[in-house]
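Please look through the model shown here with its ligand in place, and follow the explanation below from the pocket to the ligand and then to the backbone.

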Amino acid sequence: MQLLKDRIRKDGKIKAGNVLKVDSFLNHQMDIKLFEEVGKEFKRRFADMEVNKILTIEASGIGIACVVAQSFHVPVVFAKKTQTKNIAGDVYTSKVESFTHGRVYDIIVAKEFLGKGDKVLLIDDFLANGKALEGLAALVEESGAELVGAGIVIEKGFQVGGELIRSQGIRLESLAIVESMDEESGEIVFRGDKA
Ligand code: 5GP
């Protein structure tokens, strides 16, 4: 998606540890006009699929998922992160290792909001090592719902997540795939860029 790639080149900041900061339009301040275009692009890419629910993970996935959901006319459920040791009763749970914080935490979704008959599209802002998507896919599986696919705004193609998720047969659509980024020069190369 050219509009998105141009914006990443213009406003993205490359940090140590393979972290791309896009706080001015995606992760802190949110450019809703751009989000609308992202929503339309996901709708176009998944036009052949039936989706009745979008699932994301708190916190940074929620904003983008809500705008994407407007294109699909479906509700959004977000998995909550919890540190509660004994999670009681009516929730599905799985574990996620955080890329940005390096911790493992539990994520939960109430059983009343996900289950058999649901056709679920996962949406998240970033794909790095694939742990967040794997955790969300595990919740979908546990619930008996059908996983339609996953939509990612920015995939870091030099990390293992994309390959991991695709190798599991999950349909993955990433709107911008960063092949490399250089902290020193600030240069970002996207998959599909001409050499
Ligand atoms: P994964 O689980 O694929 O390793 O990492 C995905 C999650 O980590 C995303 O939900 C996102 O919040 C966060 N993340 C991973 N890499 C980056 C990055 O380069 N920049 C930002 N802002 N978040 C990232």
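What volume does the largest pocket have? In this predicted model, the largest pocket has a volume of about 690 Å³, and of the 30 residues that line it, those closest to its centre are S60, F99, T100, D125 and F126. Sorted by class, the lining of the largest pocket comprises 13 nonpolar, eight polar and nine charged residues. Several elements build this lining, since β2, α2 (23-27), α4 (60-72), β5 (91-97), β7 and α5 each supply at least two residues, and β7 gives the most, with four residues.

What takes up the space of the largest pocket? That space is the one taken by the ligand, and the elements that give two or more residues to the shell around the ligand are β2 (19-21), β7 (119-127) and α5 (131-143). Within this shell β7 again deserves attention, as β7 gives the most residues to the shell, with four, just as β7 gives the most to the lining of the largest pocket.

The shell itself can now be taken residue by residue. The ligand is surrounded by 17 residues, of which the closest are L20, N129, G130, A132 and K156, and by class the shell divides into seven nonpolar, six polar and four charged residues.

Which side chains place a polar atom at 2.7 Å or 2.8 Å from an oxygen atom of the ligand? For K156, which is also among the closest residues of the shell, a polar side-chain atom lies 2.7 Å from an oxygen atom of the ligand, while for D124 a polar side-chain atom lies 2.8 Å from an oxygen atom of the ligand. A nitrogen atom of the ligand is approached as well, with a polar side-chain atom of N27 at 3.1 Å from it. As for cover, the ligand has 500 Å² of accessible area on its own, and the protein covers 90% of this area.

Two details of the backbone remain, and they call for a word of background. Most residues other than glycine have a negative phi, and most peptide bonds are trans. Against that background, E58 and A59 are joined by a cis peptide bond, with omega at about 0°, and A59 is found in the loop between β3 (53-57) and α4. The other detail concerns N18, which is not a glycine and yet has a positive phi of about 60°; N18 is found in the loop between β1 (13-15) and β2.

Terms used
Residues numbered from 1 in each chain as written. Predicted model: local features only at pLDDT ≥ 70, side-chain atom pairs only at ≥ 80, totals over all residues. Heavy atoms only, no water. Near = heavy atom within 4 Å. Polar contact = N/O pair within 3.5 Å; in protein donor to acceptor, adjacent residues only side chain to side chain. Areas by Shrake-Rupley, 256 points an atom, 1.4 Å probe, with all protein chains shown as cover. 1 Å grid on protein atoms, 1.4 Å probe; cavity = no way out; pocket = protein on both sides within 12 Å on 5 of 7 lines; lining within 4 Å. Sits in = over half its atoms within 2 Å of the grid points. Nonpolar A, V, L, I, M, F, W, Y, C, P; charged D, E, K, R; others polar. Points joined across faces, edges and corners; volume = space filled by probe spheres on them.
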